[in-house]
Amino acid sequence: MEIKLLSKGYKKNEQFYQDFLNDTIESNDDYFTDETVYIKEAPDFPIYMAKRSEDDRKQLFLEAFETVGNHYLDSNRELHFDEQFWHSLLVLKKRNFLLREYPEIKESISNFNNIVLKSFDWENYIYKTVIGAEYITDLVEDEATRKHYYEVIVDNLDLFNYMIKYEVFRNKQFVFNILSIVDELGLSSLLKKKITWRDDLGDDPRVGRQVLLEFNKSYPVVMSPMLEKDELKEIFMEYLGYYVDVAELGVLV
Amino acid sequence: MIYKKDANFPYPVLTNTSNSYESGGFTLNVDLKENTDTYRFDIEYEVESAFLEQLLARKQAQLFLIIQSKDNKFFRLQPDERAIEIAKSRLSINTRTSIQMSIQATTDISFRDNEDINDFYREFKDDIIVPKHALLGFSNTVIFEGSSTKPFDLFERKIDATLKSDIKVELGSETIVIHYKNEDLQFAGMPMSGTLNNPYIYMGLQKALHRFATNPDYGDDGHVYLDDVELPTDQLDAKLYRLMKAKMVYELDVDSLDEVIYKISDRVIEKYATAVKGLEASGD
């Protein structure tokens with residue numbers, strides 16, 4: 001499949017939005033660079049999971065992880081980690097899919113910007129999917145176990161977001177180890193808990209985020225991203241103990 | 001994470017900018033190579049502290065190579081390891097890529113026998129114990145911004161109406177020249193016309209590499225070991241030589257030219273096939 005790449009200036013552009021609705025983008029050369037990229041295949045997958053029930057959101061994420069994991073990760077990373085590529089693909093090849101699945105795009109340019117032309121960073125659902133699918137497919141061979149880990153990501157999305165947001169944690173092994181520890185020890189709901197018993201921690205303090213914050217503070221004296229899982233687990237429990245009574249949890253470490 | 005400036009450490013750390021070690025610094029050099037599917041980083045480094053070298057030899061400390069672009073990648077380096085390969089599907093270097101080495105303690109380390117540190121720390125070195133997992137040193141940062149090896153500066157296309165054939169592939173003094181009898185043969189005006197010419201690129205590379213492989217100045221019996229060959233004075237051969245070296249081709253043989261073309265040509269045939277399928281799908 002050949003995809004022409006958009007040139008700068010298409011974002012927050014009312015005319016571009018109207019042309020998208022009228023299906024007249026592709027015929028207008030002004031919107032494109034001279035560059036073209038090729039990909040073998042580009043199956044549809046959910047690209048926006050906000051404003052859904054928890055169950056729906058989980059299903060959409062799993063579908064996205066599986067499709068991206070199976071079909072989008074063989075290209076050079078300079079392609080599948082590139083905002084310009086994804087925006088070009090969506091606008092040129094996915095228009096019908098987008099209008100069908102996310103009809104709110106038709107309502108306003110702000111919905112269009114927020115769903116289709118969202119910046120390609122940790123807040124973008126495609127970015128979350130690509131990075132999660134890369135990490136899990138690289139570290140897990142077996143299909144069923146991969147699916148399990150995708151579920152662990154969705155069940156601990158707040159923690160996952162926090163890890164891929166900060167440069168120091170954005171590392172395959174660290175993300176995978178933390179998810180494994182949380183999964184093995186059944187800590188998911190505890191880590192999501194809002195800390196109401198302290199008032200010195202800023203807005204919306206959650207147990208899981210605070211534990212990661214401790215890792216951040218201790219770096220590089222503790223070089224956590226490079227630790228093996230068992231070493232990491234010990235320190236994880238130590239930091240967890242700063243916020244909750246670990247003895248009461250009844251988890252065996 | 002990569003250190004750009006000196007962080008404050010409560011103990012001596014070996015770097016090129018701090019003076020806590022008197023013995024020297026921690027230097028890193030990296031040479032980037034690539035072929036169609038892979039980047040390879042050839043590394044050279046020097047840890048200028050006998051104390052830290054000994055910790056590494058005794059496995060009380062571990063060397064890491066850190067590559068940071070879209071995310072962080074860590075590699076545990078064995079003492080004799082001098083190269084890291086990464087698939088292009090897992091690393092992009094078109095955005096800024098930073099590379100650094102670090103040394104991490106694998107156990108609590110007493111600095112009692114550390115004779116490399118400066119006078120200030122030496123006075124109380126008996127009391128310095130650096131905890132397990134802590135950073136002991138980090139190197140300079142090597143930065144790459146995009147790769148530079150473009151294969152197609154090798155080619156020229158010309159139209160020659162007097163040609164006695166439709167196409168003629170000629171090895172010029174600096175380039176491989178593809179002569180066409182007329183513009184139509186270049187698919188001019190068609191979508192993807194550039195890519196549709198890839199089979200001629202392939203033919204040109206075959207011809208040029210065959211001449212290279214059979215040149216008695218470079219090797220014997222159609223076999224060349226590139227490491228044994230000096231940079232050729234022929235300018236076309238020099239371009240091919242540089243390109244092959246950059247793409248990690250070490251040997252050239254008349255019987256394996258196709259494999260070499262695959263490594264150096266950035267998917268010419270795959271792109272061609274995709275273009276043809278695209279034309280078929282659009283019904284032209």
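## Working through a two-chain model

The C-alpha centres of domain 1 of chain B and domain 2 of chain B are 40 Å apart. Keep in mind that this is a predicted model. Let's start with these two domains and work outwards.

**Exercise 1. Find the domains of chain B, and work out how many residues of each one touch the other.**

Step 1: look up the bounds. The domain assignment puts domain 1 of chain B at 26-144 and domain 2 of chain B at 151-281.

Step 2: count the touching residues. Domain 1 of chain B brings 5 residues to the contact, and domain 2 of chain B brings 7 residues.

Step 3: sort the domain 1 side by class. On the side of domain 1 of chain B that touches domain 2 of chain B there are no nonpolar residues, 2 polar ones and 3 charged ones.

**Exercise 2. Do the same for chain A: where are its domains, and which helix supplies the largest share of the domain 1 side?**

Step 1: get the bounds. In chain A, the domain assignment gives 2-177 for domain 1 and 178-253 for domain 2.

Step 2: check the spacing. Taken over C-alpha atoms, the centres of domain 1 and domain 2 of chain A are separated by 30 Å.

Step 3: count the contact. Here 18 residues of domain 1 of chain A meet 19 residues of domain 2 of chain A.

Step 4: ask which helices are involved. On the domain 1 side, at least two residues each come from α8 (143-155), α9 (157-165) and α10 (172-185) of chain A. The largest share belongs to α10(A), with 5 residues.

Step 5: sort by class. That side of domain 1 of chain A holds 12 nonpolar, 4 polar and 2 charged residues.

**Exercise 3. Describe how helices α12 and α13 of chain A cross, and say which residues make the contact.**

Step 1: recall what to look for. Two packed helices are described by the angle and the distance between their axes.

Step 2: apply that here. The axes of α12 (residues 207-218) and α13 (residues 229-240) of chain A come within 9 Å and cross at roughly 115°. The crossing of α12(A) and α13(A) is right-handed.

Step 3: name the residues. From α12(A) you have V211(A), E214(A) and F215(A), and from α13(A) you have F236(A), Y239(A) and L240(A). By class, this contact has 5 nonpolar residues, no polar ones and 1 charged one.

**Exercise 4. Put the strands β1, β2 and β5 of chain B in order, and explain why one side of β1 and of β5 has no neighbour in the sheet.**

Step 1: read the order. The strands form an open sheet of 3 strands, β1-β2-β5 (chain B), with antiparallel pairing.

Step 2: find the edges. β1 (26-34) and β5 (83-87) of chain B each have a single partner strand, so one side of each has no neighbour in the sheet. On average, neighbouring strands of this sheet are turned by 20° against each other, direction ignored.

Step 3: zoom in on one pair. β1(B) and β2 (residues 38-47) of chain B run antiparallel and are joined by 9 bridges. Within β2(B), E46(B) stands opposite T27(B).

**Exercise 5. Now take the sheet with β11, β12 and β13 of chain B: which strands are at the edges, and which helix lies across the sheet strands?**

Step 1: read the order. This open sheet of 3 strands goes β11-β13-β12 (chain B), with mixed pairing.

Step 2: pick out the edges. They are β11 (155-159) and β12 (167-171) of chain B, and each pairs on one side only.

Step 3: look at one pairing. β11(B) and β13 (residues 176-180) of chain B pair in the parallel sense over 5 bridges. R157(B) has I178(B) in β13(B) as its bridge partner.

Step 4: add the helix. α4 (residues 198-213) of chain B lies across β11, β12 and β13 of chain B, at about 35° to β12(B).

**Exercise 6. Work out how many residues each chain brings to the contact between chains, and how confident the prediction is.**

Step 1: count. Chain A gives 21 residues and chain B gives 20 residues. The chain A side has 11 nonpolar, 4 polar and 6 charged residues.

Step 2: check the scores. The model has ipTM 0.88 and pTM 0.78. Chain A has a mean pLDDT of 92, with 98% of its residues at 70 or more; for chain B the mean is 88, with 94% at 70 or more.

Step 3: find the extremes in chain A. Confidence is lowest in α14 (residues 246-249) of chain A, at a mean of 76, and highest in α7 (residues 125-139) of chain A, at 98.

Key:
Residues are numbered from 1 along each chain as its sequence is written. Chains are lettered from A and ligands numbered from 1 in the order in which they are written. This is a predicted model: local features need pLDDT of at least 70, side-chain atom pairs count only at pLDDT 80 or more; totals for chains, interfaces and linings use all residues. Ala, Val, Leu, Ile, Met, Phe, Trp, Tyr, Cys and Pro count as nonpolar, Asp, Glu, Lys and Arg as charged, and the others, Gly among them, as polar. pLDDT is the predictor's confidence in each residue, from 0 to 100. Helices (H or I, at least four residues) and strands (E, at least two) are DSSP runs, numbered from the N terminus. Domain bounds come from an automatic or database domain assignment. Two strands pair if DSSP finds at least two bridges between them. Axes are lines fitted to C-alpha atoms, for helices over the stretch in contact, and angles run from 0 to 180 degrees between N-to-C directions. A crossing is left-handed if the near helix is turned anticlockwise from the far one by less than a right angle, and right-handed if clockwise.
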